Amino acid sequence: MKVDNSLPLEYSTEENNLKILGFWIFIGAEIMLFATLFTAYFTLENRTGNGPTGADIFEITPVLIETILLLTSSFTIGLAIHAMRLNKKKATMGFFIVTLILGAAFLGVEIYEFTHYVHVGAGLQTSAFTAALLTTLGTHGLHVTLGFFWGLFILIQIKKRGLTPETANKSFIFSLYWHFLDIIWIFIFSFIYLKGMM
Amino acid sequence: MDFFDRFAVPHPSFLIYASMVGIGLTMLAIVVGITYFKKWGYLWREWITTVDHKRIGIMYLLSALLMLFRGGVDAIMMRYQLSMPENTFLDSQHYNEVFSTHGVVMILFMAMPFIIFFFNYLVPLQIGARDVAFPRLNALSFWLFFMGMGLFNISFIVGGSPDAGWTSYFPLAGNEFSTSVGTNYYMIAIQIAGIGTLMTGINFITTILKMRAPGMKLMKMPMFTWSAFIANVIIVFAFPVLTVLLAMGTMDRLFGTNFFTTDNGGMDMLWANLFWVWGHPEVYILILPAFGLYSEIISTFARRNLYGYKSMVASMVVISLLSFFVWAHHFFTMGQGPLANSIFSITTMAIAVPTGVKIFNWLFTLWKGKIEFTTPMLYSMLFIPLFTLGGVTGVMLAMSAADYQYHNTMFLVAHFHNVIIPGVVYAMLAGLTFYWPKIFGFMLNERLGKWTAWLLSVGFVLAFIPMYITGLDGQARRMYTYSESTGFSAMNMVSFIGAAIMAIAFALLVYNIYYSIRYSPRNIGNDPWDARSLEWATHTPVPEYNFAITPQVESTQPFWDSKKNGHELFKGEIEKIHMPNNSGLPFIMSCIFFVFGFAMIFSIWPLAIITLIGILACLAYRSFEKDHGRYISVEEIKETETRLRGAKK
Ligand code: HEM
Ligand SMILES: [Cu+2]
């Protein structure tokens, strides 16, 4: 494995470069995936059947908490990458841990939110609207869940193996993924919740 | 329904029992054969765990050929059923299942793997690379595709096949009207294969962007690589739509959601729209690589550079963009109003323009060329007029007002077979014949090859032209029988005869392969067709590492220029080569996916959860795995090179 030391660690090998480009293309696919979900959601938004509408069930407090948690975690993963570039292993790990805790907290609130929806009679089977809503949110939530474990594994690897071209590459790609989920959340926040509450 | 009832075929017939026995015996024979010849270890080491793009390509090829015959049998059954009025060969339910699986098998499990075979085998060679960007992901792509295919194919012996058409329109595909697990198979098997395809897309875009040989600028790439690049871009944009669509369809069927139902707010047209947002680009994923193959073949056998390289590239880019803006031409009659219809009518017709540009480019390439009528060239020459006919009827279908006459009639069926068969299938057969010597080290018999091409074309014309006529007369598609008084019977008989001739042509192809394996000469050199691009510059058989020395590229046909104009391809010394290690993980993970899919289809939740955990465990294992591949030493390369060079003379 040829390592080019003039480049940041995550870009320092041929393989790493390929992986980063491949991941960007993957994000392109993910954009299409979420775009399709949003399209389905907007098409079905007002088709509530006998079930409640968005205005009936959305609550601002948990959503705001979720937003703050996720936005902050996106910031802290940025700090982790910054620390990684400065080759500070401890700090990198520290920010990683904070990010994962924030992610887990986000998931906790989201699970509360989902049980609340089911509780007020907006379950998966209630109407086309609830199905689209829960699927869109659920897909994002699933991404966060997977991201949580993925990040955890990378953290363990940094601890065990240090900041190598490989772990640096993984961390960088993970940070792209995490930022991406944050951006999707902003769309969910604005066009599902805020629009739905108005 | 009782637990075990679900596994029974809902409408069994003699045919189904016979194929069950057939499949059982074949499987047994294969297992016994492999054990008897002690080939399990060889299979595992050399094929199942391989990450070599060439071998993965060959496995795609085998799957595609297998499915060509499976889909072909379906086709013959349908044509036979319709060959006379009031025929009772198939009952209505069985007919529904046959046309549904025929469509899915042909598009997704035959044509797709066939083009992915070409991507895999050719792209790295054409761009002078050692492998694809992510060899292991490539293996995973293949095995996921393969398991999806396997899952889909067991549907007709376990639980029943999908019966709502390859488009699977709701509400027909919902639980209410499709009561067996058939449509579950559709949703889940295609999902698994589709994930594999999506990863192929990511892999090849990265490969083509990053791994080209020095000097190969984008505008110097061979035309097939260009077409592969664009097709893969379409894959990455179109397949996620399918992923979401199938996930929603699955939820409707398994979890009682209401995306596409007709009550509780569900919307059946959402399925139709999203299906075609994926489905229309999908047909261009198939046709563009076919165009790429024709370009390679035509310029090789016209002994001329391709006419209008830049316009060829530009037209493909335009087609790929337009392909995303025409989807609603599939349901002009389903109530979207004249404005939307007009817009989609125009965008559809617009696609004919860049397609026409390509046709003219091929014609101009032929114009001053010294044409040599080899089998691949014969296919290409037959392709041009036949495909043009299909394009013309496509424009007829694109006229939204007129579409009220032929929507969902045999006219449509004739049209799309007219573009798919001369367009995609001929390209694949031409490409297969063309690249066969590179892949297997001997030529297919030319005489038999030409017979195949001619028979196929005669059969094709007889099989499909009558459908235009009966379609205009109002013979609906997907109708399992008709009465004498409709007057369709004569034409349908002709059509059946045509289909039978096509079947003979395919049988001849098989015979050709058998014949050539036995009798074709083996000392054909590396470049039997006197071809033009890099894949012909390496040895036959292609060594694991493709090129001992990375080629230097200066033009769009580097190999031709190296032969005719003294351009030096391989400069410098041999160095050690880095190669990825084989891995069993893609296969194992895909097997778990298979079981997971099966558990989902039959709603066996505990098994589904266990296998899902298994899949996640594989991902976790992969995350921690350390594998930096291995090196092939200089001595080893030199040895291989002399051996291969020696074998040639
Ligand atoms: C000149 C370019 C083309 C035009 C103008 C065109 C136009 C159309 C139109 C308008 C329909 C819908 C007809 C209806 O539902 O009444 C259609 C259907 C179809 N086309 Fe094309 N097409 C073209 C090329 C292709 C190609 C290259 C392929 C495949 C490789 C293809 C595959 C299909 C298929 C599979 C259907 C049937 C869908 C179904 O099951 O309803 N078309 N085409
Ligand atoms: Cu279309």
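**Exercise 1. Find out why B:Cys591 does not form a disulfide.**

*Solution.* Start with the distance: the closest cysteine sulfur to that of B:Cys591 belongs to B:Cys618 and lies 9.9 Å away, too far for a bond. A disulfide needs two cysteine sulfur atoms within 2.5 Å. By this rule, the count over all chains is 0 disulfides. Next, look at the surroundings: B:Cys591 is partly exposed, at 26% relative accessible area, while B:Cys618 is buried, at 8%. (Buried means under 20% relative accessible area, exposed over 50%, partly exposed in between, with a 1.4 Å probe and protein chains only.)

A note before going on: this is a predicted model, where local features need pLDDT of at least 70 and side-chain atom pairs count only at pLDDT 80 or more, while totals for chains, interfaces and linings use all residues. Residues are numbered from 1 along each chain as its sequence is written, chains are lettered from A and ligands numbered from 1 in the order in which they are written, and side-chain values use heavy atoms, without hydrogens and water.

**Exercise 2. Work out which protein donor the iron atom of ligand 1 has.**

*Solution.* Donors are N, O and S atoms within 2.8 Å of the metal (3.2 Å for Na, K and Ca); water is not among the atoms, so sites may look incomplete. The protein gives this iron a single donor, NE2 of B:His415, at 2.6 Å. Then place the residue: B:His415 sits in helix H13 (residues 410-440) of chain B. Helices are DSSP runs (H or I, at least four residues), numbered from the N terminus. Finally, 5.0 Å separates the iron atom from the copper ion (ligand 2).

How values were computed:
Helix = DSSP H or I, 4+ residues; strand = E, 2+ residues; numbered from the N terminus.
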